[in-house]
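Notebook open, structure loaded. I want to look up a few side chains and write down what turns up.

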Amino acid sequence: MTTEPLSSAAGDQELQMRMLIDSAPVAMLVVDPNGQIIIANHSASDVFGYPLDRLIGMNVDALVPTAYRASHRPKVESFFQALVPRVM
C-alpha cells in the first residue's frame with residue numbers, strides 16, 4: 001500500500017480506505033485516469049506476481065493480456081468519463 005502523507009480528517013478517511021483495501025482477500029487496484037496504479041493491495045501483488053513497490057506506478061495496461069490491451073484503454077477512459085462502480 002502507498003504511504004503518501006495524509007492530512008487530518010481527510011487523511012483519516014483515506015487511511016481507513018487504504019487499510020480496508022489492503023486487508024481485502026481479493027486483488028484490488030486503484031488507478032488514475034491515465035491508467036497509472038496508485039494503490040494496490042497484497043492480494044493484487046500475489047495475483048499479478050509483482051511486489052507492491054513495483055505495482056505502484058505501473059500502468060494497468062501492462063497487466064492486461066496483450067490480445068486485450070487495445071480494447072482495454074478505451075474502457076479505462078470510459079470509466080473515468082462516467083464514474084459508475086463496476087467489477088473489472
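I count a contact when heavy atoms lie within 4.5 Å. One caveat before I start: this is a predicted model.

**Entry 1, Asp 61.** I went looking for what Asp 61 touches. Leaving out residues up to four places away in sequence, I get Arg 69, His 72 and Arg 73. Asp 61 itself sits in the loop between α3 (52-55) and α4 (66-81). Is Asp 61 buried or exposed? Its relative accessible area is 16%, and the cut-off for buried is under 20%, so I put Asp 61 down as buried.

**Entry 2, salt bridges.** How many salt bridges does a search of the whole structure find? I get two.

One of them brings me back to the loop: the side chains of Asp 61 and Arg 73 meet at 3.3 Å, N to O. This pair links distant parts of the chain, with Asp 61 in the loop between α3 and α4 and Arg 73 in helix α4, 12 residues apart. I also find the two side chains listed as a polar contact, at 3.3 Å.

The other bridge joins the side chains of Glu 14 and Arg 18, at 2.4 Å, N to O. Here both residues lie in helix α1, four residues apart, which I note as about one turn of the helix. I checked accessibility for each partner. Arg 18 comes out buried at 4%, whereas Glu 14 is partly exposed at 29%.

**Entry 3, aromatic rings.** My ring search gives a count of one aromatic pair. It is Phe 79 with Phe 80, 5.3 Å centre to centre and 85° between the planes. Which label does that angle earn? Planes over 60 degrees apart count as edge-to-face, so edge-to-face is what I wrote for Phe 79 and Phe 80. The two rings fall into separate accessibility classes: Phe 79 is buried at 18%, while Phe 80 is partly exposed at 27%.

**Entry 4, Leu 20.** Back to helix α1 (residues 8-23), where I find Leu 20. Is Leu 20 buried or exposed? Its relative accessibility is 61% and exposed means over 50%, so Leu 20 goes down as exposed. I also pulled a C-alpha distance from Leu 20 to Asn 41: the two atoms are separated by 9.4 Å, with the residues 21 apart along the chain.

Methods. Residues numbered from 1 in each chain as written. Predicted model: local features only at pLDDT ≥ 70, side-chain atom pairs only at ≥ 80, totals over all residues. Heavy atoms only, no water. Helix = DSSP H or I, 4+ residues; strand = E, 2+ residues; numbered from the N terminus. Buried < 20%, exposed > 50% of the residue type's maximum accessible area, 1.4 Å probe, protein only. Polar contact = N/O pair within 3.5 Å; in protein donor to acceptor, adjacent residues only side chain to side chain. Phe/Tyr/Trp six-rings, centres within 6.5 Å; stacked < 30°, edge-to-face > 60°. Salt bridge = Lys/Arg side-chain N within 4 Å of Asp/Glu carboxyl O.
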